[in-house]
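Biologist: Got a minute to walk me through this one? I'd like to start with the overall layout and then get to the metal site.

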Amino acid sequence: MPSWRKGKRIGYCLNDKKKKKLNFQGFEDLCRKRGYEVIEIDLAKPLCEQGPFDVIIHKLSDLILESGYDSQSHQLIRDFQTYVETYSSIILLDPFPAVRLLLDRFESCRLLQDLQDQDSCIFSPPYVELSSGTGREAAARIREQGLTFPLICKTRVAHGPSSHEMALIFNEEGLGEVSAPCLLQSFVNPDAVLFKVFVVGSSHFVVRRPSLKNFPRGESARKSIFFNSDSVSKPESCSRLTELDEATLEPTPPSDNVVCRAVRGLRSALGLSLFGVDLIVEKQTGRCAAIDVNAFPGYEGVPEFFSALLNHIETLLESHEQAARARVLVAEYSLHQRAPHVDTAQESTHDADPRAPWLANSLETPKSAPAESSFFTFAVLPAMLSRH
Ligand SMILES: Nc1ncnc2c1ncn2[C@@H]1O[C@H](COP(=O)(O)OP(=O)(O)OP(=O)(O)O)[C@@H](O)[C@H]1O
Ligand SMILES: O=P(O)(O)O[C@H]1[C@H](OP(=O)(O)O)[C@@H](OP(=O)(O)O)[C@@H](O)[C@@H](O)[C@@H]1OP(=O)(O)O
Ligand SMILES: [Mg+2]
Ligand SMILES: [Mg+2]
């Protein structure tokens with residue numbers, strides 16, 4: 001067993017619904033088979049009594065959201081955060097600030113806008129943020145900013161059962177039926193297909209899902225349609241809203257290049273390991289609209305999820321161990337450099353060091369090299385680490 005795997009403890013904190021949907025027991029079994037200890041974290045008990053942890057996996061979106069208005073949840077989140085900051089070697093999947101960002105559609109839509117590239121292969125449909133009042137008050141802004149009917153209205157809060165309640169608005173009158181805080185976004189004709197991209201560390205998986213049918217572009221006299229997004233874009237969704245009015249060719253999935261660009265952009269903006277982005281291939285142009293980002297989504301339709309997650313964890317554990325070893329080496333090296341007289345006796349002490357004879361030998365190299373520190377860090381150290 002490699003040293004970075006030995007005695008490692010993986011903690012997790014997921015609600016019952018999430019555990020059940022993911023069949024998380026399967027992940028626990030896989031981890032235990034590879035020699036990890038797996039601990040379900042009980043938030044009602046102090047974390048220090050349940051640790052130590054090398055990795056913590058969580059979906060604490062409920063609690064993070066509640067911490068904005070509930071003092072007990074606020075305290076729980078603070079304690080959790082203090083614990084992971086105190087034990088800074090813990091790998092937290094995923095860090096709270098980026099998760100918090102995705103609980104707010106205003107924030108996630110801004111992120112999606114930043115993804116837009118020069119050749120506009122990826123775009124974010126134009127939108128207006130409605131912070132107060134009804135949609136009617138946004139009518140002028142909607143016109144100014146070039147939004148086109150139909151509009152899709154989404155709650156500002158992006159997590160929790162009510163966050164999936166949406167409306168399709170076909171005219172200015174319909175705007176009076178929606179109220180703040182919400183986001184009004186131009187509808188993109190998707191040919192009733194959505195592509196969910198599920199990300200796990202450096203891997204991603206594209207899954208085809210149902211989506212809303214096409215609607216003619218421009219204002220019309222139609223009545224607003226209120227719906228729940230769970231009824232249109234789950235694998236089992238079966239709704240009149242996802243039935244196309246006329247037969248059409250199946251849309252071509254977004255190219256690997258486009259998917260990779262979207263994933264890379266979001267990964268570097270957010271620093272998350274576990275997230276999903278929803279893409280629609282626009283019927284008229286073939287361009288790819290990024291319409292939603294989710295922290296730790298369901299991964300339904302990704303049979304490799306558990307193995308990808310464990311591989312990602314192992315990659316992180318291994319690089320953490322390498323970084324820790326590098327820090328020790330650099331510290332030992334600088335101590336050695338600071339020693340006033342490095343005589344033969346001291347050198348032979350290094351040679352006699354049963355713990356790291358290779359360290360002693362390698363430490364001699366920079367002594368005669370003028371640009372020791374950077375030479376050591378960038379040339380000698382990586383070579384030493386790869387040997388050991
Ligand atoms: N701008 C848009 N144009 C066309 N269809 C859209 C647009 N935005 C959303 N949709 C449709 O509405 C559904 C729900 O939208 P969205 O993904 O933003 O909601 P959600 O509730 O956050 O979803 P999830 O369950 O993935 O978190 C999408 O799956 C897609 O079918
Ligand atoms: O469990 P499910 O499969 O429905 O997963 C959904 C997940 O619910 P969870 O709360 O159970 O994690 C949702 O999270 P919240 O909006 O609640 O934050 C969101 O991420 C959806 O995008 C996921 O659906 P998917 O994109 O994978 O279809
Ligand atoms: Mg979505
Ligand atoms: Mg979402």
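What follows is a short back-and-forth about this predicted model.

Biologist: Let's go broad to begin with. What share of the 388 residues of the protein chain counts as buried?

Modeller: The chain is built from 14 helices and 14 strands. Its accessible surface is about 19,500 Å², and carbon and sulfur atoms make up 52% of that. As for the residues that count as buried, the share is 48%.

Biologist: How far apart are the centres of domain 1 and domain 2?

Modeller: The assignment gives domain 1 as 9-94 + 310-326 and domain 2 as 101-295. Taken over C-alpha atoms, their centres are separated by 31 Å. Where the domains touch, domain 1 puts in eight residues and domain 2 puts in 11 residues. For the centres, then, the answer is 31 Å.

Biologist: Which element gives the largest share of the largest nonpolar core?

Modeller: That core has 40 residues, and Ile-56, Phe-80, Leu-266 and Leu-270 touch the most other members. Several elements give two or more residues to it, including α5 (71-86), β13 (274-281) and β14 (288-295). Each of the two domains supplies at least three residues. The top contributor, with six residues, is α10.

Biologist: Phe-80 caught my eye there. Which residues does Phe-80 touch, not counting those up to four places away in sequence?

Modeller: Phe-80 is one of the residues that touch the most other members of the 40-residue core. Skipping the sequence neighbours, the list is Leu-43, Leu-47, Ile-56, Leu-60, Leu-92 and Phe-96.

Biologist: And how many residues are in the second, separate core?

Modeller: Val-55, Phe-198, Val-200 and Phe-205 are among its members. The count for this separate core is 29 residues.

Biologist: Now the metals. Which residue coordinates both magnesium ions, ligand 3 and ligand 4?

Modeller: For ligand 3, the protein donors are Asp-278 (OD) and Asp-292 (OD), at 2.0 to 2.2 Å. For ligand 4, they are two OD atoms of Asp-292 plus Asn-294 (OD1), at 2.2 to 2.7 Å. The two ions sit 3.9 Å apart, and the residue that coordinates both is Asp-292.

Biologist: Why does the pair Asp-278 and Asp-292 tie together separate parts of the sequence?

Modeller: Look at where each one lies: Asp-278 is in strand β13, whereas Asp-292 is in strand β14. The pair therefore joins parts of the sequence separated by 14 residues.

Biologist: Are those two aspartates buried or exposed?

Modeller: The cut-off for buried is under 20% relative accessible area. Asp-292 comes in at 14%, and Asp-278 at 6%. Both values fall on one side of that cut-off, so the word for each is buried.

Biologist: Over to the β10 and β11 hairpin. Which residue in it takes a positive phi near 60 degrees?

Modeller: Strands β10 (residues 193-200) and β11 (residues 203-210) pair in the antiparallel sense over eight bridges. One of the matches is Val-197 with Val-206 in β11. Two residues lie between the strands, and the one with the positive phi is Gly-201.

Biologist: I'd want to check the backbone oddities too. Which residues does the cis peptide bond with omega of about -5 degrees join?

Modeller: One cis bond joins Gly-51 and Pro-52, with omega about 0 degrees, and Pro-52 lies in the loop between α3 (47-50) and β3 (55-58). Another has its proline, Pro-150, in the loop between α8 (139-144) and β7 (151-155). The bond with omega of about -5 degrees joins Phe-149 and Pro-150.

Biologist: What is the relative accessible area of Tyr-299, which has a positive phi although it is not a glycine?

Modeller: Asp-191 also has a positive phi of about 55 degrees; Asp-191 lies in the loop between β9 (182-186) and β10 and counts as buried at 9%. Tyr-299 has a phi of about 55 degrees and lies in the loop between β14 and α11 (305-338). Tyr-299 is buried too, with a relative accessible area of 3%.

Biologist: Last one: which residues is Gly-174 in contact with, leaving aside neighbours within four places in sequence?

Modeller: Gly-174 is found in helix α9 (residues 172-175) and counts as buried at 3% relative accessibility. With the sequence neighbours set aside, its contacts are Ile-169 and Ser-224.

Key
Residues numbered from 1 in each chain as written. Chains lettered and ligands numbered in written order. Predicted model: local features only at pLDDT ≥ 70, side-chain atom pairs only at ≥ 80, totals over all residues. Heavy atoms only, no water. Pairing = 2+ DSSP bridges. Helix = DSSP H or I, 4+ residues; strand = E, 2+ residues; numbered from the N terminus. Donors = N, O, S within 2.8 Å, 3.2 Å for Na, K, Ca; no water. Buried < 20%, exposed > 50% of the residue type's maximum accessible area, 1.4 Å probe, protein only. Core = buried A, V, L, I, M, F, W, Y, C linked by side-chain atoms within 4.5 Å. Domains from an automatic or database assignment. Contact = heavy atoms within 4.5 Å. Areas by Shrake-Rupley, 256 points an atom, 1.4 Å probe, with all protein chains shown as cover.
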